[in-house]
Amino acid sequence: MNLKSRSFSLLKTLVLTVSLTNIAKGVHGATYQIRDNIVGAGFFDAFEWQAIDDPTHGRVRYVDQQTARNLNLTYASGNSFVLRTDDRTVLSPFGPGRASVRIRTKKTYTTHVAVFDVRHMPQGCGTWPAIWETDETNWPNAGEVDILEGVNDQVPNASTLHTGPGCTMPAARTQSGTNGQLNCDAAVNGNTGCGVTYPTLDSYGPPLNRIGGGWFAVERNNEFIKMWFWPRNSGSVPPDVRGGGVAIVTDNWGVPAAHFPNTQCDLRRHFGNHNIIINLTLCGDWAGSVYGQSGCPSTCVDFVNNNPAAFREAYFDFAALRVYQ
């Protein structure tokens, strides 16, 4: 082989090595580019309002976008988007539930990073707020990813996966949170799923609101699903998260609060094209069933019916939702 041929061969080897490295990096914590930068009134274009019966049997009446606007349950001003439940109406025990909101992105996502800049989240007895992702037409076989969820002001936050059969998580994994159930199958133990509770109390409810909120992030690919939380007042918030960068590098984000690897779960098979859903229900299958153990007064349904002023703090205030791919 002459010198020219040898140089060309080395160049091909180098290019192949770099290409394979970049492919590997694409599934292992990559540089992602912004695809959807949803701020303020942009939520009205990016999401659809779901005026449906609550699948979790809450004491709510989900309303459409026009009704939500008329009742001031969703509104935008500058870089603020607010989603809330009604806090004015005493309900008849024989009538519909408290007016509330459930919204779903018009787009669907597979491999992506979503960063939620949350200034305030719903709080109060009876509340069950959630930020999550799923394919509602093929649940649970297309998977569900719960990013922020809890009930009755019980801290801290918990992130959970729900799937069809055949998906479990290892007990030992690199995360700062604490494992719950390891079997993600929705048919096991009343749809508990495989959850991780966060290490800090200020990741949910009143403690989160007292510090002005923070950032929740999820990274999903075929090798893992990871979730992070950074309080508003933390010095460890990555600059690309705090600044809402046009590109992000998740390798620089440190240890996640929750880490769901593919070692015992084929994520490609168990998770499909997901919408992002944000909703606020009251009582229902979870918040209602544990209401009596939450230190809350009366019964959940009676409390919701008769105490509208108790829900003045039951609202989300989003500074932004940014999705990267």
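Which residue forms a disulfide with C184, and how far apart are their sulfur atoms? The partner is C194, and the two sulfur atoms lie 2.0 Å apart. Keep in mind as you look around that this is a predicted model. Below is a short tour of a buried strand and its neighbours, the disulfides, and one polar contact in a loop.

**Strand β19 and its partners**

- Strand β19 covers residues 315-324, and 10 of its 10 residues are buried, so the rest of the structure largely encloses this strand.
- Strand β1, residues 31-38, runs antiparallel to β19 and is joined to it by 4 bridges. To find this pairing on screen, start from I38, whose bridge partner in β19 is L321.
- Strand β5, residues 80-84, is also antiparallel to β19, again with 4 bridges between them. Here F81 has F318 of β19 as its bridge partner.
- Strand β8, residues 112-120, is connected to β19 by 7 bridges, and these two strands run antiparallel as well. V115 is a handy landmark for this pairing, with R322 as its bridge partner in β19.
- As a reminder for viewing strands, side chains in a regular strand alternate between the two faces of the sheet.

**The disulfides as a set**

- Searching the whole structure turns up 4 disulfides.
- Counting the bonded cysteines along the chain, the connectivity reads 1-7, 2-5, 3-4, 6-8.

**C167 and C265**

- C167 is joined to C265 by a disulfide, with an S to S distance of 2.0 Å.
- This pair links distant parts of the chain, 98 residues apart: C167 sits in the loop between β11 (158-162) and β12 (178-179), while C265 sits in the loop between β17 (258-261) and α6 (267-270).
- The link of C167 and C265 is left-handed, with -100° about the S-S bond.
- C167 and C265 are both buried.

**C184 and C194**

- Back to the pair from the opening: the link of C184 and C194 is right-handed, at 90° about the S-S bond.
- C184 is in the loop between β12 and β13 (194-197), and C194 belongs to strand β13, so this disulfide ties together parts that are 10 residues apart in sequence.
- Are these two cysteines, C184 and C194, buried or exposed? Both C184 and C194 are buried.

**C283 and C300**

- A disulfide is also formed by C283 and C300, whose sulfur atoms are 2.1 Å apart.
- The two ends are in distant parts of the chain, 17 residues apart: C283 is in the loop between β18 (275-282) and α7 (284-287), and C300 is in helix α8, residues 300-306.
- The link of C283 and C300 is left-handed, with -100° about the S-S bond.
- C283 has a relative accessible area of 3%, so this residue is buried.
- C300 has 7% relative accessibility and therefore counts as buried; the cut-off for that label is under 20% relative accessible area.

**A polar contact at T250**

- T250 is found in the loop between β16 (247-249) and β17.
- With a relative accessible area of 4%, T250 is buried.
- Which side chain does the side chain of T250 contact? The side chain of T250 makes a polar contact with that of E219, at 3.2 Å.

How values were computed. Residues numbered from 1 in each chain as written. Predicted model: local features only at pLDDT ≥ 70, side-chain atom pairs only at ≥ 80, totals over all residues. Heavy atoms only, no water. Buried < 20%, exposed > 50% of the residue type's maximum accessible area, 1.4 Å probe, protein only. Pairing = 2+ DSSP bridges. Disulfide = S-S within 2.5 Å. Polar contact = N/O pair within 3.5 Å; in protein donor to acceptor, adjacent residues only side chain to side chain.
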